[in-house]
Amino acid sequence: MIARFVRSEIAAGTIPATVPGVVVQRTGAEIIITANGFDAAVPMDQGPTLADVLKGAATLSVDPERKKQWLEGLAALSGIQVKRAGNGLKLVSGLTKREFPLALDVAVDLGEAIARAAEQERGDAATPPRPMKVYAII
């Protein structure tokens, strides 16, 4: 309920869609995700796959085993492992193997930020892309 309220306020422009510590940034052929010591790089063509996995995490089947297989299988294509953890998820960096826990609502927000980064037009090569921060309630 709180997450819906926050999302409606973000959509209305009342509060910004940012949270300190989580940055999603498009750089060249990759999407870089950094958060509290968690660093991961996702190939640009796999960004939408990871975004869909994270956005769908909260609404997947109630069958825990099926949900686990879907999350771990599809996310592995992106270079980031996604594991079910209690009432949320853990992202595991393919680079550092460091884990980053997420509540399901936060996973949806992160998925939306990754999708925006994947869709972002490539700017002038001399101008670095602007990082996107993710707003979420943890």
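**Exercise 1. Is the crossing of α2 past α4 left-handed or right-handed? Work out how the two helices pack, too.**

Solution. Keep in mind as you go that this is a predicted model.

Step 1. Start with the general idea: two packed helices are described by the angle between their axes and the distance between those axes.

Step 2. Now fill in the values. The axes of α2 and α4 lie 7 Å apart, at an angle of about 160 degrees. Angles over 145 degrees count as roughly antiparallel, so α2 is roughly antiparallel to α4.

Step 3. Look at the sense of the crossing: α2 passes α4 in a left-handed way.

Step 4. Find the residues that touch. On the α2 side they are G47, P48, L50, A51, L54 and K55. On the α4 side they are A107, V108, L110, G111, E112, I114, A115 and A118.

**Exercise 2. Follow the chain through β1, β2 and β3, and describe how these strands pair.**

Solution.

Step 1. Recall that strands of a sheet pair through backbone hydrogen bonds, either parallel or antiparallel.

Step 2. Take β1 (residues 22-27) and β2 together: they run antiparallel and are joined by 6 bridges. One pair to locate is R26 with its bridge partner I31 in β2. The hairpin has 2 residues between the strands, and G28 there takes a positive phi near 60 degrees.

Step 3. Move on to β2 and β3 (residues 38-43), which are also antiparallel, with 6 bridges between them. Here T34 stands opposite D39 in β3. This hairpin again has 2 residues between its strands, with N36 at a positive phi near 45 degrees.

Step 4. Compare the two faces of β2. In a regular strand the side chains alternate between the two faces of the sheet. The covered face of β2 (residues 30-35) holds I31, I33 and A35, while E30, I32 and T34 make up the uncovered one.

**Exercise 3. Which strands are the edges of the sheet β4-β5-β6, and what lies across this sheet?**

Solution.

Step 1. Read the order: the 3 strands β4-β5-β6 form an open sheet with antiparallel pairing.

Step 2. Pick out the edges. They are β4 (81-85) and β6 (99-103), since each pairs on one side only. From one strand to the next, the twist averages 25 degrees.

Step 3. Zoom in on β4 and β5 (residues 88-92), which are joined by 5 bridges. Within this pairing, A85 has G88 as its bridge partner.

Step 4. Add the helix: α4 lies across β4, β5 and β6, at about 105 degrees to β6.

**Exercise 4. Which residues touch the most other members of the largest nonpolar core?**

Solution.

Step 1. Name them: of the 28 residues in this core, I33, L91, L110 and I114 touch the most other members.

Step 2. Ask where the core comes from. At least two residues each are supplied by β1, β2, β3, α2 (47-56), β5, β6 and α4. The largest share, 9 residues, belongs to α4.

Step 3. Follow I114. Beyond its neighbours within four places in sequence, I114 contacts V24, I31, I33, G47, L50, A51 and L54.

**Exercise 5. Where does Q120 sit, and how far is its C-alpha atom from that of R26?**

Solution.

Step 1. Place Q120 in the loop between α4 (104-119) and β7 (132-133).

Step 2. Judge its exposure. Q120 has 23% relative accessibility, so it counts as partly exposed.

Step 3. Check the distance: Q120 and R26 are 94 residues apart along the chain, yet their C-alpha atoms are separated by 7.9 Å.

Terms used: Residues are numbered from 1 along each chain as its sequence is written. This is a predicted model: local features need pLDDT of at least 70, side-chain atom pairs count only at pLDDT 80 or more; totals for chains, interfaces and linings use all residues. Side-chain values use heavy atoms; hydrogens and water are left out. Helices (H or I, at least four residues) and strands (E, at least two) are DSSP runs, numbered from the N terminus. Buried means under 20% relative accessible area, exposed over 50%, partly exposed in between (1.4 Å probe, protein chains only). Two strands pair if DSSP finds at least two bridges between them. Axes are lines fitted to C-alpha atoms, for helices over the stretch in contact, and angles run from 0 to 180 degrees between N-to-C directions. Contact means heavy atoms within 4.5 Å. A nonpolar core is a set of buried Ala, Val, Leu, Ile, Met, Phe, Trp, Tyr and Cys residues joined through side-chain atoms within 4.5 Å. Angles under 35 degrees count as roughly parallel, over 145 as roughly antiparallel, 65 to 115 as roughly perpendicular and the rest as oblique. A crossing is left-handed if the near helix is turned anticlockwise from the far one by less than a right angle, and right-handed if clockwise.
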